[in-house]
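Here is a quick walk through one model, span by span. Have the viewer open and follow along.

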Amino acid sequence: MPYEPYFTEEHDELRKMIRKFVEKEIAPFVDEWEEKGEFPRSVFTRMGELGLLGLHYAEEVGGQGGDYFSGIVLAEEMNKCGCGGVPMAIAVQTDMATPPIYKFGTKDQHERFLKPALRGEKIAAIGITEPNNGSDVMGIQTRARREGDEWVINGAKTFITNGTRADFITLVTRTCDDPGPKGITLFLVETNRPGFSVGKKLDKVGMRSSDTAELIFDNVCVPHENLLGEEGKGFYQIMWQLQGERMVGAAGAIGGAEHAYDLALNYAKTRIAFNQPISNFQVIAHLLAEMKTQIETCKELTYATAYRFSKGEVPSKEISMTKLAAAQMSHWVADRALQIFGGNGYMAEYPIERAWRDSRLPRIGGGTDEIMKEIIAKQMGL
């Protein structure tokens, strides 16, 4: 499908280039990286060399000057690599940790943090979730205290993708006792500063090729010039950031669903039962038809919402709907795909089991299904 007016011939060429890169430099190694629990830093470097980390960033900050749909293409194609961990870690770099620097950062912060991240020279992470606070951003307890020209940070973060090897964290902190949004401020924190440590690397059900960690901040001192945006405006800045995170999460979920669907389709055409391919059976054929329909439906919703977001709108209700629908669809498609594989689908040697495990996280990360429903309901006046 052409998906007009969202994609152009340039997008099609970009998609071909990314697909070739994934097939040659990512997919052959995902089994090894999944077993190891981490993929090499060289992937960031290589993608930086190819310009894939700054597709929708302006050229003056080291990006490629492309439009927002360039990033949608990247998210979709990366999620067809055979695992969810690598594209998730890359999405943190391109669409979670760095957008606030681009939008709210100073020229100095662009030079020190954004440009090296887009070149793949520095790995970024986003520090929001805490051991006792996930969806409730206003409940953040990590504290930053002003001391002269420095800020002293104490607290802990958890479930942080890229956490074990990030060079800097886009960190959400509390800078005053105000329990509301005015108490939240963002900082850029280099991980080589005294007092920063990785509490532990976390063991996960899926997305195993990405590193996820608990982070500890014990009297970590950062200069005032590392404050991102305005003091006390961090809540509004991170709420804006989460809209982009949810959009790229929806696009990634679509790519993951297409990967699971393709595995199931190919298996159904080659698996023989009762002397014929199981795709000949109406129950399987209709299931595949329903899976494809759900994917295409979510694509249309995602592209329409992304179009509005690309024009400067922040339609949070529709973004929440998009993220909710795409995440649930991807999990549903992966589950049906595994069912088509039958007993083989439950075996580790078949790639569908990994797609099934990886499909569960999008319904939690970036805002749970329940939080998405709450946002939608509130904006419906309920």
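Which residues make a nonpolar surface patch of about 330 Å²? Tyr346, Met347 and Trp356 do. Keep in mind that the model is predicted.

## The C-terminal span and its patch

UniProt, in an unreviewed entry, gives residues 232-380 as "domain: Acyl-CoA dehydrogenase/oxidase C-terminal". Helix takes up 74% of that stretch and strand 3%, with 29 Å between the end C-alpha atoms.

Back to the patch for a moment. Met347, one of its residues, sits in the loop that runs between helix H10 (316-341) and helix H11 (352-358). Met347 counts as partly exposed because its relative accessibility is 37%, where the partly exposed class runs between under 20% (buried) and over 50% (exposed).

## Phe235 in helix H8

Helix H8 covers residues 234-270, and Phe235 is part of it. Is Phe235 buried or exposed? Its relative accessibility is 15%, so Phe235 counts as buried.

As for what is around it, Phe235 is in contact with Val137, Met138, Pro181 and Ile184, once neighbours within four places in sequence are set aside. The C-alpha atoms of Phe235 and Lys182 are 7.3 Å apart, although 53 residues separate the two along the chain.

## The middle span

The unreviewed UniProt entry also lists residues 125-220, as "domain: Acyl-CoA oxidase/dehydrogenase middle". Here the make-up is 0% helix and 51% strand, and the end C-alpha atoms lie 17 Å apart.

## Asp211 and Thr161

Now zoom in on Asp211, in the loop between strand E6 (196-201) and strand E7 (212-223). With a relative accessibility of 0%, Asp211 counts as buried, because the cut-off for that is under 20%. Which side chain does the side chain of Asp211 join in a polar contact of 2.6 Å? That would be the one of Thr164. In addition, a polar atom of the Asp211 side chain lies 3.3 Å from the backbone nitrogen of Gly163.

The wider contact list of Asp211, leaving out residues up to four places away in sequence, includes Gly37, Glu38, Ile160, Asn162, Arg165 and Lys201. Thr161 is on that list too. Thr161 belongs to strand E3 (residues 150-161) and is buried, with a relative accessible area of 13%. Beyond its neighbours within four places in sequence, Thr161 is in contact with Met88, Ala89, Val92 and Ala125, as well as Ser210, Asp211 and Thr212.

## The N-terminal span and helix H7

Residues 8-121 carry the UniProt feature "domain: Acyl-CoA dehydrogenase/oxidase N-terminal", again from an unreviewed entry. This stretch is 65% helix and 0% strand, and its end C-alpha atoms are 30 Å apart.

Helix H7 (residues 107-118) is worth a look. Its buried residues are Gln109, His110, Phe113, Leu114, Lys115, Pro116, Ala117 and Leu118. Which elements are among those that cover the buried residues of H7? The cover includes three helices, H3 (42-49), H5 (85-96) and H6 (99-104), along with strands E4 (168-174), E5 (184-190) and E8 (227-228). Just after H7, Gly120 takes a positive phi of about 80°.

Note on methods:
Residues are numbered from 1 along each chain as its sequence is written. This is a predicted model: local features need pLDDT of at least 70, side-chain atom pairs count only at pLDDT 80 or more; totals for chains, interfaces and linings use all residues. Side-chain values use heavy atoms; hydrogens and water are left out. UniProt positions are given in the numbering used here, feature names are shortened, and annotations may be inferred rather than shown by experiment. Helices (H or I, at least four residues) and strands (E, at least two) are DSSP runs, numbered from the N terminus. Patches are made of residues with over 30% relative accessible area and no salt bridge: like charges are joined within 9 Å, nonpolar side chains (Val, Leu, Ile, Met, Phe, Trp, Tyr) within 5 Å. Accessible areas come from the Shrake-Rupley method with a 1.4 Å probe; for residues, only the protein chains shown count as cover. A salt bridge is a side-chain nitrogen of Lys or Arg within 4 Å of a carboxyl oxygen of Asp or Glu. Buried means under 20% relative accessible area, exposed over 50%, partly exposed in between (1.4 Å probe, protein chains only). A polar contact is a pair of N or O atoms within 3.5 Å; within protein, one must be able to donate a hydrogen and the other to accept it, and residues adjacent in sequence count only if both atoms are side-chain atoms. Contact means heavy atoms within 4.5 Å.
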